[in-house]
Amino acid sequence: MPQSTSKNKNTNLASPKSNDITKLQPARLNKVSTSVNAHHSVDNQDVTMENSSSGNWSVVQPNKNPKIGVGLAGFGISFLFLGMLLLFDKGLLAIGNILFIVGLSCVIGVQRTLKFFFQRQKIKASLSFFGGISVVLFGWPIVGMLLEIYGFILLFSGFFPVAINFMRRVPLLGTLLNLPGITGLLDRVAGDTRRTMV
């Protein structure tokens, strides 16, 4: 019997009266809401939090821009490939270029895209790439695609070693890429493979 009275005393001490809780609750909510970040990652999805005028936080929507961006970039590459197959059709090439740029900006963000393209050391590559896009839009698709391919190689050549090493690990593609003639060519394109190994 003495044990039950000690439990009751502990629970009475631990839990304040209901009037005390209502007095403490608004101040506690304000402290919590000011310490909460406005952007969280839940289950590999970005969740944006929004603060309303009453001070309460509400979940807006998961950020689906990267998924949409991958789809747009994929469609852009498909349109570019189809435009080159159909004897440099300028309409398909223009749509492919626009979709690729919009998809890239959705995947990595607008600010990071601008920062990537307009770095000092990449200005020649960016001018060539965007100059090629504008030449395609003005109606000279072959010249524009040559300029664009040159700019693409200059811009994204840093990613080639990582992409080649990734493709070498894909089961069927890896055996094809490890054939004697292809391996030497890819080693020259990839550069030092030990540098990019993880």
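**Aromatic pairs, a salt bridge and buried residues in a predicted model**

Phe156 is buried, its relative accessible area being 10%. The model in which this residue is described is a predicted one. Phe156 forms an aromatic pair with Phe152; the two ring centres are 4.7 Å apart and the planes meet at 45 degrees, so the pair counts as tilted, a class that lies between the limits of 30 and 60 degrees. Both residues belong to helix α7, where a spacing of 4 residues places them about one turn of the helix apart. Unlike Phe156, which is buried, Phe152 is partly exposed, with a relative accessible area of 33%.

The structure contains 10 aromatic pairs in total. Another of them joins Phe116 and Phe159, and this pair is also described as tilted, with 6.4 Å from centre to centre and 35 degrees between the planes. Here the partners come from distant parts of the chain: Phe116 lies in helix α5 (residues 110–117), Phe159 lies in the loop between α7 and α8, and 43 residues separate them. Phe116 is buried at a relative accessible area of 14%, whereas Phe159 is partly exposed at 47%. Phe116 counts as buried because its value falls under 20%. Ring pairs connect these four residues with others in a cluster made up of Phe100, Phe116, Phe117, Phe118, Phe129, Phe130, Phe152, Phe156 and Phe159.

Phe129, one of the cluster members, also takes part in a contact with Gly151. Gly151 is located in helix α7, which spans residues 141–156. The C-alpha atoms of Gly151 and Phe129 are separated by 4.3 Å, although the two residues are 22 positions apart along the chain. When neighbours within four places in sequence are left aside, Gly151 is in contact with Ala125 and Ser128 as well as Phe129. The relative accessible area of Gly151 is 0%, and the residue is buried.

Asn97 is a further buried residue, with a relative accessibility of 2%. Its position is in helix α4, which covers residues 90–108. Not counting residues up to four places away in sequence, Asn97 touches Leu80, Ile133, Val136 and Glu148.

Charged side chains were examined next. Side chains of opposite charge can pair when their charged atoms come close. A search of the whole structure gives 1 salt bridge. This salt bridge is formed by Asp187 and Arg168, whose closest N and O atoms are 2.9 Å apart. The distance lies within the 4 Å limit, and the pair therefore qualifies as a salt bridge. Distant parts of the chain are linked by this pair, since Asp187 is in helix α10 (residues 180–190) and Arg168 is in helix α8 (residues 160–169), with their positions 19 residues apart. Arg168 is buried, with a relative accessible area of 17%, while Asp187 is partly exposed at 32%.

For the protein as a whole, the secondary structure amounts to 11 helices and 3 strands. Along the sequence these elements follow the order α-α-β-β-β-α-α-α-α-α-α-α-α-α. The protein has 198 residues, of which 24% count as buried. Among contacts between residues at least 6 apart in sequence, 41% join residues at least 24 apart. The exposed area of the protein is about 14,500 Å², and carbon and sulfur atoms supply 66% of this area.

Notes:
Residues numbered from 1 in each chain as written. Predicted model: local features only at pLDDT ≥ 70, side-chain atom pairs only at ≥ 80, totals over all residues. Heavy atoms only, no water. Salt bridge = Lys/Arg side-chain N within 4 Å of Asp/Glu carboxyl O. Helix = DSSP H or I, 4+ residues; strand = E, 2+ residues; numbered from the N terminus. Buried < 20%, exposed > 50% of the residue type's maximum accessible area, 1.4 Å probe, protein only. Contact = heavy atoms within 4.5 Å. Areas by Shrake-Rupley, 256 points an atom, 1.4 Å probe, with all protein chains shown as cover. Phe/Tyr/Trp six-rings, centres within 6.5 Å; stacked < 30°, edge-to-face > 60°.
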